[in-house]
Amino acid sequence: MNEYIGIAVSFVLAGGIAAAMVALGSTLGKKKPTSEKLAPFECGNDPFSLPMGRLAIKFYLTAILFILFDVELVFLYPWAVVYRALGSVGRRDGGPDGGGVYAWDNGALKWQ
């Protein structure tokens, strides 16, 4: 259990510093809201219109698939390094791409 004390101290220290920065910024920062500061801002230009409605689900699906394949790559690299040592077990399993096969099977990779 002693080997985890350093990790715990790091998390507590990081959380304390983050909380202190937020607290100091909100208490010591200037608070003079004007109508210009409260207006929507879009890349230096006035926005065409305020956002209305919902975004299409394909944008969220694309983001989730990106995270899925990104995380899968993290697990795929060590598997590829020891592929020869795995022997028949590695060839039988076909790799850790279960999430990709699931997404493909459900049609998540089809853009419409």
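A contact here means heavy atoms within 4.5 Å. Keep that in mind for this predicted model.

Q: What makes up 57% of the contacts in the protein with a separation of 6 or more?
A: Residues 24 or more positions apart account for that share.

Q: Which elements does the protein have, and how many of them are there?
A: You'll find six helices and zero strands. Reading from the N terminus, the order is α-α-α-α-α-α.

Q: How do you know that the length of helix H3 agrees with its number of residues?
A: Helix H3 covers residues 57–81, which is 25 residues, so at 1.5 Å a residue it should span 36 Å. Its end C-alpha atoms are 36 Å apart, so the two agree.

Q: Where does H3 bend?
A: H3 bends by about 25° at Phe 75, and Pro 78, a proline, follows within four residues.

Q: Why is Ile 57 called buried or exposed?
A: Ile 57, which sits in helix H3, has a relative accessible area of 65%. Exposed means over 50%, so Ile 57 with its 65% counts as exposed.

Q: Which residues form a nonpolar patch on the surface?
A: That patch is made by Leu 55, Ile 57, Phe 59, Tyr 60 and Trp 111, and together they have about 630 Å² of accessible area.

Q: How much of the protein is buried, and what supplies the area it exposes?
A: Buried means under 20% relative accessible area, and buried residues make up 6% of the 112 residues. The protein exposes about 10500 Å², with carbon and sulfur atoms supplying 68% of it.

How values were computed:
Residues are numbered from 1 along each chain as its sequence is written. This is a predicted model: local features need pLDDT of at least 70, side-chain atom pairs count only at pLDDT 80 or more; totals for chains, interfaces and linings use all residues. Side-chain values use heavy atoms; hydrogens and water are left out. Helices (H or I, at least four residues) and strands (E, at least two) are DSSP runs, numbered from the N terminus. Buried means under 20% relative accessible area, exposed over 50%, partly exposed in between (1.4 Å probe, protein chains only). Accessible areas come from the Shrake-Rupley method with a 1.4 Å probe; for residues, only the protein chains shown count as cover. The expected span of a helix is 1.5 Å times one less than its number of residues. The bend at a residue is the angle between axes fitted to the seven residues ending there and the seven starting there. Patches are made of residues with over 30% relative accessible area and no salt bridge: like charges are joined within 9 Å, nonpolar side chains (Val, Leu, Ile, Met, Phe, Trp, Tyr) within 5 Å. A salt bridge is a side-chain nitrogen of Lys or Arg within 4 Å of a carboxyl oxygen of Asp or Glu.
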